[in-house]
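User: I'd like to learn how to read a structure like a structural biologist would. Could you walk me through a few features, one at a time?

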Amino acid sequence: MIHVRQFPCLKDNYGFLAHDDASGETATVDTPDADAILKAAADAGWRITQIWNTHWHPDHAGGNATIKAATGAVVIGPAEVERIGQAPDRIVADGETVSLGAHKARVIDVGGHTLGHVAYAFDADRIAFVGDALFAMGCGRLFEGTAQQMWASLSRLAALPDDATLYCAHEYTESNARFAISIDPDNTALQARVAEVTRLRADGKPTVPMTLAEEKATNPFLRAPLLKRALGMESAADWEAFGEVRKRKDSF
Ligand code: ZN
Ligand code: FE
């Protein structure tokens, strides 16, 4: 089984270590804060052997050089990671597989937030690391890609099993919840989740990870096709409805 350690980094990022006991391999998924990640690994008694980047943004790949220098870890990521100053040791793209001991993770193209953004899905373990593509009740801003591209990316994540555990890279849930309830106010699952999230955050607890089933029931970006009437877009394509939800969130 894969053990995951999650810990806060920077202002609102999460760091993640994925560890396989049998092989002793440990991957840090992204490198928001090298010191925090190295400390988390030391606390766990794990040696970081791999770095898996989801995208090139500094709060995801900025610690690569420090962690690689400290541990000798192999850097794996999409080609765009080069933009932070050093190319990954192994460049990966959609459909490829990365390994943590005997556990295989599938690389999924989730471009849109950045063009080359990828997610890592341990299909057999029902765990996925989704970076800044999908958030709890939210999704990444379209800094580089189009709404059509992002909709295709989210649809790939939505094809994972409902009980998949999703680790997203930011604690944005409370502000996402405020937007979600504004656009989908009659959704009872969403109402219940907003209450739960408010309680968790008041107690200083994380709202990450989440399950795909929860997202399908409450995330207004995944639910865009169901919100067409509310958006006044009944004859629009699904991706166009998604694009409208994204636009409204940008100015919310
Ligand atoms: Zn980002
Ligand atoms: Fe980020």
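User: Let's start small: in which loop is Ala236 found?

Analyst: Keep in mind that this is a predicted model. To place a residue, find the helices or strands on either side. Ala236 sits in the loop between α8 (228–231) and α9 (238–250). At 14% relative accessibility, Ala236 counts as buried. You can also check spatial neighbours: Ala236 and Pro225 are eleven residues apart in sequence, with their C-alpha atoms 8.9 Å apart in space.

User: On to the metals. Which residues are the protein donors of the zinc ion (ligand 1)?

Analyst: The idea is to look for N, O and S atoms within 2.8 Å of the metal. For the zinc ion (ligand 1), those protein donors are His55 (NE2), His57 (ND1), His113 (NE2) and Asp132 (OD), at 2.2 to 2.3 Å. Along the chain, the zinc donors follow the spacing H-x1-H-x55-H-x18-D. His55 comes from the loop between β4 (50–52) and α2, and His113 from the loop between β8 (103–109) and β9, so this pair ties together parts 58 residues apart in sequence. His55 is buried at 0% relative accessibility, and His113 is buried too, at 5%.

User: And which residues are the protein donors of the iron ion (ligand 2)?

Analyst: Here you get Asp59 (OD), His60 (NE2), Asp132 (OD) and His170 (NE2), lying 2.1 to 2.3 Å from the iron ion (ligand 2). Their spacing along the chain reads D-H-x71-D-x37-H. This site also links distant parts of the chain: Asp59 is in helix α2 (residues 58–61) and His170 is in the loop between β13 and α5 (173–183), 111 residues apart. Both Asp59 and His170 are buried.

User: I see one residue in both lists. What does Asp132 do between the two ions?

Analyst: Asp132 bridges them, and the iron ion (ligand 2) and the zinc ion (ligand 1) lie 3.1 Å apart.

User: How do I judge the geometry? Why is the arrangement around the zinc ion (ligand 1) irregular?

Analyst: Start from the ideal: four tetrahedral donors would give angles of 109.5 degrees. There is some tolerance, but four donors count as tetrahedral only if all angles lie between 85 and 135 degrees. The four donor atoms around the zinc ion (ligand 1) subtend angles of 86 to 175 degrees, which makes the arrangement irregular. The iron ion (ligand 2) gets that label as well, because its four donor atoms subtend angles of 85 to 168 degrees. One caution: water is not among the atoms, so sites may look incomplete.

User: Now strands. How many residues of β10 are buried?

Analyst: For a strand, check each face separately. Five of the five residues of β10 are buried, so this strand is largely enclosed by the rest of the structure. On one side you have Ile127, Phe129 and Gly131, and on the other Ala128 and Val130.

User: Which way do β9 and β10 run relative to each other, parallel or antiparallel?

Analyst: Bridges tell you who pairs with whom. β9 and β10 run antiparallel and are joined by three bridges, with Tyr120 standing opposite Phe129. β10 also pairs with β13 (residues 165–168), this time parallel, through four bridges. In that pairing, Ile127 has Thr165 as its bridge partner.

User: Backbone angles next. Which phi does Arg126 take in the hairpin of β9 and β10?

Analyst: As background, most residues other than glycine have a negative phi, and most peptide bonds are trans. Arg126 has a positive phi near 55 degrees, in a hairpin with four residues between the strands. Arg126 is partly exposed, at 37% relative accessibility. Asp30 has a positive phi too, about 70 degrees, although it is not a glycine. Asp30 lies in the loop between β3 (26–29) and α1 (34–44), and is buried at 3% relative accessibility.

User: And where is the cis peptide bond?

Analyst: Look at omega: from Val208 to Pro209 it is near 5 degrees, and the bond is cis. Pro209 lies in the loop between α6 (188–202) and β14 (210–211).

User: Last one: how many disulfides are there?

Analyst: Go by the sulfur-to-sulfur distance. The count is zero. For Cys9, the closest cysteine sulfur is 14 Å away, in Cys168, too far for a bond. Cys139 also has its closest cysteine sulfur in Cys168, at 11 Å, again too far. Cys9 is buried, at 1%, and so is Cys139, at 5%.

How values were computed:
Residues are numbered from 1 along each chain as its sequence is written. Chains are lettered from A and ligands numbered from 1 in the order in which they are written. This is a predicted model: local features need pLDDT of at least 70, side-chain atom pairs count only at pLDDT 80 or more; totals for chains, interfaces and linings use all residues. Side-chain values use heavy atoms; hydrogens and water are left out. Helices (H or I, at least four residues) and strands (E, at least two) are DSSP runs, numbered from the N terminus. Buried means under 20% relative accessible area, exposed over 50%, partly exposed in between (1.4 Å probe, protein chains only). A disulfide is a pair of cysteine sulfur atoms within 2.5 Å. Two strands pair if DSSP finds at least two bridges between them. Donors are N, O and S atoms within 2.8 Å of the metal (3.2 Å for Na, K and Ca); water is not among the atoms, so sites may look incomplete. Four donors count as tetrahedral if all angles lie between 85 and 135 degrees; four count as square planar and six as octahedral if opposite donors are over 155 degrees apart and all others between 65 and 115; anything else is irregular.
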